[in-house]
Amino acid sequence: MWRTQPACHEGDRLQQDLGTGTSVTRHTFVTHEVSQAHDVIRQRCAGLELWPHSVADQFTYREEMVQVGSILATRVQCAMDVEMHLEPLADLLIVAMVSGRAEARDGRNEARTGPGQVLLQKPGRPLINIGQHFDLYSVNLDLAMVTEAATERTGIDPADFRFESMTPVSDEMGQFWHHTAAHIYRLFTGPAEPLQSPLVIRAATDLAASAALAAFPNTAITLSYRLDASPLPTGPVRRAVSFIETHAGEAITATQIADAARVTPRALQAAFRRHLGTTPMAYLRRTRLDRSHQDLLDADPAQGDTVAAIAHRWGYVHAGRFAADYRAAYGRSPTVTLHG
């Protein structure tokens with residue numbers, strides 16, 4: 001919950017090169033000794049002061065964490081009450097409570113959470129965290145990555161972007177983040193094969209950034225940014241479509257598409273809406289869905305081809321989402337197409 005960098009407890013760490021330019025670091029630590037838990041927690045955080053309280057008779061501290069690219073996902077279970085004072089975080093940290101309670105203060109804001117609730121801790125300010133016999137998911141996100149996502153989606157100037165509250169915009173969006181955090185954790189701690197796809201890693205990164213932007217108050221959703229209303233020639237759209245068609249199998253971003261079109265991201269967004277009635281990223285998603293459809297038609301189950309492998313190839317992290325999108329587009333399940 002409170003760490004600023006991956007754990008590296010000797011003997012419990014596993015690093016793998018995914019062969020995609022991204023490495024995965026996994027770490028698990030379990031102890032029934034309060035002093036060991038105290039030492040491990042202190043190792044995780046710069047400038048930490050920690051005071052354990054109200055320790056359970058059958059004490060257990062367990063943490064399992066995995067870092068893939070710029071995302072660090074962790075689950076922590078701690079059978080005691082503890083107060084921690086920390087130096088400012090480098091990353092954005094979002095906590096989703098499974099059980100127990102937590103409180104966070106940064107000198108300007110404070111928030112309390114219980115089971116099923118979430119809170120966001122902003123970088124750049126000293127923090128006080130109080131946890132009470134808790135079980136939680138935490139996700140660390142690179143703030144620059146989230147800022148880039150906000151700029152791509154809304155056109156906000158990066159200098160104007162910031163999160164404005166520790167608590168979500170609504171209970172429903174808090175639940176949305178809770179499910180997102182659990183999903184990212186299960187994805188990263190699950191089978192290694194999906195993480196070998198750069199598209200899956202990119203999709204997970206986009207999901208985390210988009211969910212954070214939607215769930216917590218920030219200037220990208222509270223301020224209005226005017227799109228350039230002047231007509232754009234169709235040249236940028238043609239260049240963008242060509243780039244998407246050529247690079248659909250790569251982890252491309254909205255900024256890269258706009259660079260290929262030789263216009264700004266928000267200008268390209270406006271041009272796509274005007275000429276195609278969609279957005280560049282939606283066009284990219286449909287292109288990938290069409291490519292997955294063709295792969296399913298060409299696949300041979302007898303040779304080991306599967307729906308999951310094809311979905312991962314084209315950037316789908318969640319099999320259920322792929323099946324739903326595919327059925328909406330083609331009127332049947334991907335399994336039917338594969339075995340048809």
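**Notebook: salt bridges and overall make-up**

I started with one pair: D135 and R75 join through their side chains in a salt bridge, 2.8 Å from N to O. D135 sits in strand β9 (residues 127–141) and R75 in strand β5 (residues 71–86), so this bridge ties together parts that are 60 residues apart in sequence. Note to self: this is a predicted model.

Next I looked up how covered the two partners are. D135 has 9% relative accessibility and counts as buried, because the cut-off for buried is under 20%. R75 comes out at 22%, so I log R75 as partly exposed.

Then I pulled the full tally: the structure holds 11 salt bridges.

Another entry from that set is R313 with D295, where the closest N and O atoms are 2.9 Å apart. This pair also links distant parts of the chain, with R313 in helix α10 (residues 307–313) and D295 in helix α9 (residues 280–298), 18 residues apart. I have R313 down as partly exposed at 41% relative accessibility.

E164 and R162 form a salt bridge too, with 3.9 Å between the closest N and O atoms. E164 is partly exposed at 34%.

I also found a network of salt bridges linking E103, R105, E110 and R112.

Last, I zoomed out to the whole chain. I count 12 helices and nine strands. Of the 340 residues, 47% are buried. For contacts with a separation of 6 or more, 73% come from residues 24 or more positions apart. The accessible surface is about 15700 Å², and carbon and sulfur atoms own 49% of that.

Definitions and conventions: Residues numbered from 1 in each chain as written. Predicted model: local features only at pLDDT ≥ 70, side-chain atom pairs only at ≥ 80, totals over all residues. Heavy atoms only, no water. Helix = DSSP H or I, 4+ residues; strand = E, 2+ residues; numbered from the N terminus. Buried < 20%, exposed > 50% of the residue type's maximum accessible area, 1.4 Å probe, protein only. Contact = heavy atoms within 4.5 Å. Areas by Shrake-Rupley, 256 points an atom, 1.4 Å probe, with all protein chains shown as cover. Salt bridge = Lys/Arg side-chain N within 4 Å of Asp/Glu carboxyl O.
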